[in-house]
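Please examine the sequence and the model shown below. The report that follows describes selected features of the fold.

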Amino acid sequence: MPIAMPPNNSSYQLGVGKVETISENDIQSLCSLMQEPDNLQVSGRVNRGKNSLLNKSIRDVQVWVLHEKFTWVDEWIIRWGTMANRDFGLQVTGLIERPQILKYNKGSTGYNWHYDIGDGDASNRKISLSVILDDKCEGGELCFFTDGEYTLSPVAGEVIAFPSFFSHRVKPVTDGCRLALVAWLSGEPLR
């Protein structure tokens, strides 16, 4: 008779879950960071091996990389990641990449299917976090693929967590704009 150590069960459907909902004031505080001159604004790029390229047919988004002086954001991310990891049980050490605010404008093609885990710093990603800052757009849903496509339409303020190796995408935005804070908690690469 085989003997096994039973794994912990997750309360998250498909390994994707709502960790917390932040207040409207917190949403406004995060949105105001797009006006801060220390936060680098860049075009959404796609990493392919050692190359980074701009390809709006794959990823059509504006990106604000948050400066390290905004430690209060880092503290929130660590708290959310710790809460999510109670279910995930991954070996996580902390935040080694800067969080980003993403803005998908009307007409954006979104972000095609991808994983958050990859090369370089991205090879250490374990938990991905997405905080919806504006839910007044049409389209822009967050989708996951497991045994089929699973669509999530979070409301403003919801903090969504999922393992970084999950295949996901952001659907095209047909009206309004989609704003989200994204971040990744890292640890030793998965084996």
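The sections below treat the sheets, a pair of helices and one pocket of this predicted model.

## The seven-stranded sheet

Seven strands are joined in an open, antiparallel sheet, and their order is 1-13-9-16-7-6-2. The edges are occupied by strand 1 (17-21) and strand 2 (40-43). Each of these two has a single partner strand, so one side of each lacks a neighbour in the sheet. On average, and with direction ignored, neighbouring strands of this sheet are turned by 25° against each other.

At one of these edges, strand 2 pairs with strand 6 (residues 62-65) in the antiparallel sense, and four bridges connect the two. Within this pairing, Q41 has W64 of strand 6 as its bridge partner.

## The five-stranded sheet

Another open sheet consists of five strands in the order 5-8-14-11-12, again with antiparallel pairing. Its edge strands are strand 5 (59-60) and strand 12 (149-152), each of which pairs on one side only.

Inside the order of this sheet, strand 14 is followed by strand 11. Strand 11 covers residues 142-145 and strand 14 covers residues 167-170; the two pair in the antiparallel sense over four bridges. Here F145 is placed opposite S167, a residue of strand 14.

## Helix 1 and helix 2

The relation of two packed helices is described by the angle between their axes and the distance between the axes. For helix 1 (residues 24-31) and helix 2 (residues 71-88), the axes come within 11 Å and cross at roughly 125°. Because of this angle, helix 1 counts as oblique to helix 2. The crossing in which helix 1 passes helix 2 is left-handed.

## The second largest pocket

Empty space among the atoms is revealed by rolling over them a probe the size of a water molecule. The second largest pocket has a volume of about 160 Å³. Its lining comprises 13 residues, of which C137, G139, G140, S153 and P154 are the closest to the pocket centre.

By residue class, the lining of this second largest pocket contains six nonpolar, three polar and four charged residues.

Technical notes
Residues are numbered from 1 along each chain as its sequence is written. This is a predicted model: local features need pLDDT of at least 70, side-chain atom pairs count only at pLDDT 80 or more; totals for chains, interfaces and linings use all residues. Side-chain values use heavy atoms; hydrogens and water are left out. Two strands pair if DSSP finds at least two bridges between them. On a 1 Å grid over the protein atoms alone, a cavity is a set of points where a 1.4 Å probe fits but cannot get out, and a pocket is an open set with protein on both sides within 12 Å along at least five of seven lines; lining residues have an atom within 4 Å of a point. Grid points are joined across faces, edges and corners, and a volume is the space filled by probe spheres set on the points. Ala, Val, Leu, Ile, Met, Phe, Trp, Tyr, Cys and Pro count as nonpolar, Asp, Glu, Lys and Arg as charged, and the others, Gly among them, as polar. Axes are lines fitted to C-alpha atoms, for helices over the stretch in contact, and angles run from 0 to 180 degrees between N-to-C directions. Angles under 35 degrees count as roughly parallel, over 145 as roughly antiparallel, 65 to 115 as roughly perpendicular and the rest as oblique. A crossing is left-handed if the near helix is turned anticlockwise from the far one by less than a right angle, and right-handed if clockwise.
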